[in-house]
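Dear colleague,

I am passing on the structure below, together with some notes on what turned up when it was examined. Please keep it open while you read.

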Amino acid sequence: MRIVIAEDSAVIRAGLARLLSYHGHTVVAEAGRAEELWATVAEHLPDLAVVDIRMPPSYTDEGLRAAIAVRETHPGVGILVFSQYVETRYATELLTGDPGGVGYLLKDRVSAVEDFLDALDRVAAGGTALDPEVVAQLMRAGRRRDPLAVLTEREREVLALMAEGRSNAAVARLLRVGDRAVEKHVSNIFTKLTLPPARDDHRRVLAVLAYLQQR
């Protein structure tokens with residue numbers, strides 16, 4: 001397998017290169033900065049890129065953003081994110097659509113070399129390799145980003161009808177419930193979406209916007 005390594009730590013980069021070479025893989029290039037990754041992949045078209053997240057100059061998410069750029073322009077190149085950190089925003093973007101050929105492992109949680117090598121093989125073959133902790137954090141982040149997750153099923157139904165421009169009376173008629181029940185649901189929606197007291201028309205608009213943003 002032909003592999004590119006993008007890792008700012010020279011020691012870790014050298015260690016990965018030696019490990020991969022020992023197990024029969026070819027490290028075609030190494031990158032110490034995220035902006036070098038795309039050009040390196042374009043030049044060598046490897047089977048796989050092993051990418052750290054926090055790289056120069058800001059050591060925040062440059063590596064992950066570079067991996068997304070590689071994924072967009074060279075979808076046939078597998079991406080294995082190998083980091084100490086979980087960056088949920090761009091990790092979700094990387095996994096959006098077809099997650100095949102993508103992996104995300106945490107350095108501190110890889111307990112056996114064989115597991116790491118197996119993950120490489122799976123990702124290069126178009127499969128996935130995701131650390132359970134990464135999955136858990138992505139799910140928690142997804143719930144935090146969805147303001148409607150706090151609503152009950154009935155409250156979502158009421159909000160969907162509000163988004164259609166229905167009045168409380170029309171909502172009650174369509175759901176075959178009393179007007180008071182609808183008023184209570186609407187009040188709960190405002191409270192759960194943390195919409196402060198204001199004219200009801202204004203809060204209805206804000207609630208509907210929150211609904212539409214999740215569609």
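In what follows, the rings of Phe, Tyr and Trp (its six-membered ring) are taken to pair if their centres lie within 6.5 Å, and a pair is called tilted when its planes are neither under 30 degrees apart nor over 60. Please bear in mind that this is a predicted model.

With that criterion, a search of the whole structure gives one aromatic pair. The ring centres of Phe82 and Phe116 are 4.9 Å apart and their planes stand at 40°, so the pair counts as tilted. Because Phe82 belongs to strand β4 and Phe116 to helix α5 (residues 113-124), the pair ties together parts that are 34 residues apart in sequence. Phe82 counts as buried, at 10% relative accessibility, and Phe116 is likewise buried, at 4%.

As for the sheet that contains β4, six strands form an open sheet with parallel pairing, in the order β2-β1-β3-β4-β5-β6. The edges are taken by β2 (26-31) and β6 (128-130), each of which has a single partner strand, so that one side of each is left without a neighbour in the sheet. From one strand to the next, the twist averages 20°. Strand β1 (residues 2-6) pairs with β2 over five bridges, and Ile5 stands opposite Glu30 in β2.

Two helices lie across these strands: α3 (residues 62-73) crosses β3, β4 and β5, running at about 175° to β4, while α4 (residues 88-95) lies across β4, β5 and β6, at about 150° to β5.

Finally, Arg54 lies over the face of Tyr85, at 3.6 Å from the ring centre.

With best wishes

Terms used: Residues are numbered from 1 along each chain as its sequence is written. This is a predicted model: local features need pLDDT of at least 70, side-chain atom pairs count only at pLDDT 80 or more; totals for chains, interfaces and linings use all residues. Side-chain values use heavy atoms; hydrogens and water are left out. Two strands pair if DSSP finds at least two bridges between them. Helices (H or I, at least four residues) and strands (E, at least two) are DSSP runs, numbered from the N terminus. Axes are lines fitted to C-alpha atoms, for helices over the stretch in contact, and angles run from 0 to 180 degrees between N-to-C directions. Contact means heavy atoms within 4.5 Å. Buried means under 20% relative accessible area, exposed over 50%, partly exposed in between (1.4 Å probe, protein chains only). A charge sits over a ring if NZ of Lys or CZ of Arg is within 6 Å of the ring centre and within 35 degrees of the ring normal.
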